[in-house]
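Q: Please take a close look at one part of this structure: the charged side chains along one of its helices. I would like to know how they pair up, how open they are to the surroundings, and where they sit in the chain as a whole.

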Amino acid sequence: MHVLVPIDDSDPAEQALEYALAEYPDADITALHVIDPYETSVDAWFADRDYLKDLEAEAETLLENAREIADDHGASIDTDSVVGKPAREITDYVDEADVDEVVIGSHGRRGTTRVLLGSVAETVVRRAPVPVIVVR
């Protein structure tokens with residue numbers, strides 16, 4: 001069984017990883033971080049030419065933290081990062097990496113952002129071709 005756990009720097013993402021490690025001790029687990037360069041304003045993008053490199057460095061730090069959490073559970077995991085819109089990249093990854101299940105943290109977004117865009121977890125639940133467990 002191959003379980004995908006999308007991660008970012010949030011508590012729900014860490015809780016999702018902890019859940020996956022506890023519930024699927026024999027599974028192949030991949031922690032995936034989606035680098036979203038569109039999340040920041042255009043001004044920040046042009047002000048810092050090394051912006052993408054900074055995001056890649058942050059991603060590696062998050063993935064290293066995920067590997068340490070797995071190690072604390074006596075497990076090893078695979079890690080990966082991709083660049084793009086999170087929900088789309090996660091569902092694409094499910095198809096490309098032969099994932100059997102997704103365990104994702106819910107951020108509980110509110111307000112205009114949630115109404116207009118929907119949360120990443122909601123979009124993954126709707127579009128993923130495999131079961132999705134949402135951890136809160």
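A: Helices and strands are taken here as DSSP runs, a helix having at least four residues and a strand at least two, and they are numbered from the N terminus. In this predicted model, the chain reads β-α-β-α-α-β-α-β-α-α-β along its sequence. That amounts to 6 helices and 5 strands.

Some background on the whole chain comes first. The chain has 136 residues, and 42% of them count as buried. Its exposed area is about 8,100 Å², with carbon and sulfur atoms supplying 44%. If one takes the contacts between residues at least 6 apart in sequence, 75% of them join residues at least 24 apart.

Now to the helix itself. Helix α3 covers residues 51-72, and Asp54 lies in it. Further along, Glu64 and Arg67 also belong to helix α3. These two are 3 residues apart, which is about one turn of the helix.

Arg67 takes part in two pairings. With Glu64, the side chain of Arg67 forms a salt bridge, at 3.0 Å from N to O. With Glu60, Arg67 forms another salt bridge, and here the N to O distance is 2.5 Å. The cut-off for such a pair is 4 Å between a side-chain nitrogen of Lys or Arg and a carboxyl oxygen of Asp or Glu. The salt bridges counted by this rule come to 2. Because they share partners, these salt bridges join Glu60, Glu64 and Arg67 into one network.

How open are these residues? Buried means under 20% relative accessible area and exposed means over 50%, with partly exposed in between. Arg67 has a relative accessibility of 25%, so it counts as partly exposed. Glu64 is partly exposed because its value is 34%. Glu60 has a relative accessible area of 40%, and therefore it is partly exposed as well.

Asp54 belongs to another grouping. Together with Asp9, Asp50 and Glu58, Asp54 forms a negative surface patch. A patch of this kind takes residues with over 30% relative accessible area and no salt bridge, with like charges joined within 9 Å. The relative accessibility of Asp54 is 35%, so this residue counts as partly exposed.

To put the two groupings side by side: Glu60, Glu64 and Arg67 are linked through salt bridges, whereas Asp9, Asp50, Asp54 and Glu58 make up a negative patch on the surface.

Definitions and conventions. Residues numbered from 1 in each chain as written. Predicted model: local features only at pLDDT ≥ 70, side-chain atom pairs only at ≥ 80, totals over all residues. Heavy atoms only, no water. Patch = residues over 30% accessible without salt bridge, like charges linked within 9 Å, V, L, I, M, F, W, Y side chains within 5 Å. Areas by Shrake-Rupley, 256 points an atom, 1.4 Å probe, with all protein chains shown as cover. Lys, Arg positive; Asp, Glu negative; His and termini not counted. Charge placed at Lys NZ, Arg CZ, Asp CG, Glu CD. Buried < 20%, exposed > 50% of the residue type's maximum accessible area, 1.4 Å probe, protein only. Contact = heavy atoms within 4.5 Å.
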